[in-house]
Amino acid sequence: MDIKEAKGKGLLLTNAFLRTGKFVEHYEWLHRAAGERHVTLDILDNAQKLIEIREIPEWLRQYDFIIDWDKDISYAKTLSLFADKEKIPFFNSIDAIAACDDKYETYLRIAEWNIEHPAESLEILPTICAPMTYQNVGYTQMDFLDTVEKAFGYPMVVKECFGSFGMQVYMAHDRKQLEELTKRLGGTAFLYQKYHKCSSGRDVRLQVVGDQVVAAMERYSENGDFRANITNGGSMKIYEPSEQEKRIAVQAAHILGLTFGGVDLLFNETGDMAQIVCEINSNAHFKNIYTCTGVNVADKIMDHILSVIY
């Protein structure tokens with residue numbers, strides 16, 4: 001069926017407690033993109049219709065597809081279980097969303113791919129997961145930091161496994177700061193990572209939909225911040241990715257199981273190509289990349305979904 005002639009009904013899953021402008025705006029863009037293609041897209045938040053796990057909710061059966069634009073894994077898993085029984089496609093898959101949400105799981109999946117496919121391996125930064133402790137116990141000794149310190153030196157990146165917009169990413173410049181960060185994060189999943197000076201305050205965001213990179217922008221910091229996120233005051237400009245950079249982004253998205261997402265790449269040692277996988281976002285915001293490039297990723301996502309299901 002021609003996408004322009006498609007008529008159907010989808011469900012957009014959102015979070016009831018993220019109702020600020022930048023989140024709601026993305027929901028509205030996806031809703032509008034569906035409407036322009038003669039598809040009804042209902043918006044449902046995770047507190048609106050709670051699901052009793054023993055039976056399929058009757059209201060679910062009316063939908064042809066579901067887009068999960070949230071990270072409530074438990075709710076989405078329940079909904080996805082019943083959607084699968086009803087053969088209702090789910091975009092992105094819960095497994096992919098969960099793997100992207102946990103940064104260490106992201107790196108681990110790529111590392112596993114590299115082991116199994118050495119000829120197609122992707123570059124990631126040296127990373128060590130912090131040993132788990134309990135919040136009411138904390139770290140009673142920090143001898144393990146000797147290993148981390150020897151492996152990565154200073155400065156060193158300390159990154160919470162769960163977080164967005166660069167807000168949970170820190171830098172330790174010496175042992176004292178490393179111990180302070182480690183102590184503060186005790187009870188939280190986090191990791192240690194080698195600082196990549198060649199791409200400090202600079203990265204590339206590539207928006208992947210299906211098998212294509214549909215838009216790309218370079219993000220850069222002009223205030224000395226080693227993070228390039230726009231939310232932290234970074235700037236942006238259009239980026240024309242090479243075919244190799246596109247292949248890296250698409251491959252990274254596929255390794256995580258994504259139908260669509262944002263892939264962040266760091267520049268190599270010479271600074272002439274973005275090829276080190278930094279992070280992968282299952283539901284990357286697309287307003288900034290629209291402002292930068294003029295590409296409406298919501299349209300691209302909707303076209304792809306409709307091409308898959310019709």
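In this predicted model, the buried residues of helix H1 are covered by elements that include strand S1 (8–14), strand S2, helix H8 (287–293) and helix H9 (297–309). The residues of H1 that end up buried are Phe-23, Val-24, His-26, Tyr-27, Trp-29, Leu-30, Ala-33 and Ala-34. Residues three or four places apart in an α-helix point the same way, because there are 3.6 residues to a turn. H1 itself takes in residues 21–35, 15 residues in all, and its first and last C-alpha atoms are 21 Å apart, close to the 21 Å expected at 1.5 Å a residue.

Helix H9, one of the elements covering H1, also holds Leu-306. With a relative accessible area of 0%, Leu-306 counts as buried, because the cut-off is under 20%. The C-alpha of Leu-306 sits 9.9 Å from that of Asp-64, even though 242 residues separate the two along the chain.

Strands S1 and S2 belong to an open sheet of four strands, ordered S2-S1-S3-S4 and paired in parallel. At its edges are S2 (39–45) and S4 (90–91); each has a single partner strand, so one side of each goes without a neighbour in the sheet. The pairing of S3 (residues 65–68) with S4 runs over two bridges, in the parallel sense, and here Ile-66 faces Phe-90 of S4 as its opposite number.

A second sheet is put together with antiparallel pairing: it is open, has four strands and follows the order S6-S9-S7-S8. Here the edge positions go to S6 (127–129) and S8 (169–172), and each of them has one side left without a neighbour because it has a single partner strand. On average, neighbouring strands of this sheet are turned by 25° against each other, direction ignored. Two helices pack on the sheet. Helix H5 (residues 145–152) touches S6, S7 and S9, and its direction makes about 30° with that of S9. Helix H6 (residues 175–184) touches S7, S8 and S9, with its direction at about 145° to that of S8.

Within this sheet, S7 (residues 156–160) is joined to S9 (residues 190–194) by five bridges, the two strands running antiparallel. Val-157 stands opposite Gln-193 of S9. S7 also runs antiparallel to S8, with four bridges between them, and Val-158 stands opposite Tyr-170 of S8. Side chains in a regular strand alternate between the two faces of the sheet. In S8 both faces are covered, with Val-169 and Met-171 buried on one side and Tyr-170 and Ala-172 buried on the other.

As for empty space, a search of the whole structure turns up two cavities of 30 Å³ or more. The largest cavity has a volume of about 300 Å³. Its lining is made up of 23 residues, and those nearest its centre are Lys-159, Phe-226, Arg-227, Leu-266 and Cys-278. S7, S9, strand S10 (202–209), strand S13 (260–267) and strand S14 each give two or more residues to that lining.

The largest pocket holds about 700 Å³ of space. There are 35 residues in its lining, and Ser-164, Phe-165, Asn-281, Asn-283 and His-285 are the closest to its centre. Two or more lining residues come from each of H1, helix H3 (94–101), helix H4 (103–116), strand S11 (212–220), strand S14 (274–281) and H8. Strand S14 thus turns up in the lining of the largest cavity and in that of the largest pocket.

How values were computed:
Residues are numbered from 1 along each chain as its sequence is written. This is a predicted model: local features need pLDDT of at least 70, side-chain atom pairs count only at pLDDT 80 or more; totals for chains, interfaces and linings use all residues. Side-chain values use heavy atoms; hydrogens and water are left out. Two strands pair if DSSP finds at least two bridges between them. Axes are lines fitted to C-alpha atoms, for helices over the stretch in contact, and angles run from 0 to 180 degrees between N-to-C directions. Contact means heavy atoms within 4.5 Å. The expected span of a helix is 1.5 Å times one less than its number of residues. Buried means under 20% relative accessible area, exposed over 50%, partly exposed in between (1.4 Å probe, protein chains only). On a 1 Å grid over the protein atoms alone, a cavity is a set of points where a 1.4 Å probe fits but cannot get out, and a pocket is an open set with protein on both sides within 12 Å along at least five of seven lines; lining residues have an atom within 4 Å of a point. Grid points are joined across faces, edges and corners, and a volume is the space filled by probe spheres set on the points.
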